[in-house]
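I opened my notebook to look up a few things in this structure, one entry at a time. Come along and check each entry against the picture.

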Amino acid sequence: MLEIGKKSPNFKLPRDGGGFLSLSDFAGKTLVIFFYPKDDTSGCTKEAIGFTEHLGDFDEVGAAVIGVSKDTIVKHEKFITKHGLKVPLLSDVEGEMCDAFGVWKEKSMYGKTYMGIERSTFIIDGNGIIREMWTKVRVKGHVETVLNAVQNL
């Protein structure tokens, strides 16, 4: 179980546009990681657009933002193009990063249970320490809450 004040799990995953991103790529910089269930669904689209719209604000305070789901790079790129997203999206098809961050959970909808990503966000400082985390995120107002937390680090 991850805790505020503890070291973040390492990761290295493929990203949209080619290449990989890893925790070490953000050494010395604050990193916001938002995990979301699925590309191009209503809540996930609102969240990704929200982070894109505030990317300049995060940049002003020296913070990078990345999104992670189990969708493929091809799906990520279609999602980015369709909605004009500017946030890098990582593909965790195997679920290793989702497991490491504890966001792969049993969920239920309409009486059916299934496994999926629990919408969650983490702030990791430049030394790789978890500074803040949110689970079971509600999209409305969340990006602003995260931005405020980053500004107050």
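**Entry 1: strand β8 and its partners.** I began with β8 and β9, which run antiparallel and are joined by four bridges. This is a predicted model, so I keep that in mind for every entry. Across this pair, I found I123 opposite E132 in β9. Five residues lie between the two strands of this hairpin, and G128 there has a positive phi near 80°.

Then I looked at the other neighbour. β3 and β8 also run antiparallel, with five bridges joining them. Here I noted that F35 stands opposite S120 in β8.

**Entry 2: is β8 buried or exposed?** I asked myself whether the residues of β8 are buried or exposed. The strand is mostly covered, with five of its five residues buried. I reminded myself that in a regular strand the side chains alternate between the two faces of the sheet. For β8, I listed S120, F122 and I124 on one side, and T121 and I123 on the other; both faces are covered.

**Entry 3: helix α5.** Which residues of α5 are buried? In this helix, residues 142–151, I wrote down H142, V143, V146, L147, A149 and V150. Looking down the axis of α5, I saw that these buried residues fall within an arc of 160°, so they line one face of the helix. Next I looked up what covers them, and my strand β8 (120–124) turned up again, as did its partners β3 (30–35) and β9 (130–134). The cover also includes β4 (63–69) and the helices α1 (42–53) and α2 (55–60).

**Entry 4: the pockets.** Rolling a probe the size of a water molecule over the atoms shows where empty space is left. The largest pocket holds about 380 Å³ of space. I counted 13 lining residues, and P37, K107, I117, R119 and V137 lie nearest the centre. Two elements give two or more residues to this lining, β6 (104–109) and β7 (112–117). β6 gives the most, with three residues. By type, the lining has six nonpolar, two polar and five charged residues.

The second largest pocket has a volume of about 160 Å³. Among its lining residues I found M1, L2, F101, K105 and M133, and also F122, which I had already met as a buried residue of β8. This lining divides into seven nonpolar, two polar and three charged residues.

Conventions
Residues are numbered from 1 along each chain as its sequence is written. This is a predicted model: local features need pLDDT of at least 70, side-chain atom pairs count only at pLDDT 80 or more; totals for chains, interfaces and linings use all residues. Side-chain values use heavy atoms; hydrogens and water are left out. Buried means under 20% relative accessible area, exposed over 50%, partly exposed in between (1.4 Å probe, protein chains only). The arc is that of the directions from the helix axis to the C-beta atoms. Contact means heavy atoms within 4.5 Å. On a 1 Å grid over the protein atoms alone, a cavity is a set of points where a 1.4 Å probe fits but cannot get out, and a pocket is an open set with protein on both sides within 12 Å along at least five of seven lines; lining residues have an atom within 4 Å of a point. Grid points are joined across faces, edges and corners, and a volume is the space filled by probe spheres set on the points. Ala, Val, Leu, Ile, Met, Phe, Trp, Tyr, Cys and Pro count as nonpolar, Asp, Glu, Lys and Arg as charged, and the others, Gly among them, as polar. Two strands pair if DSSP finds at least two bridges between them.
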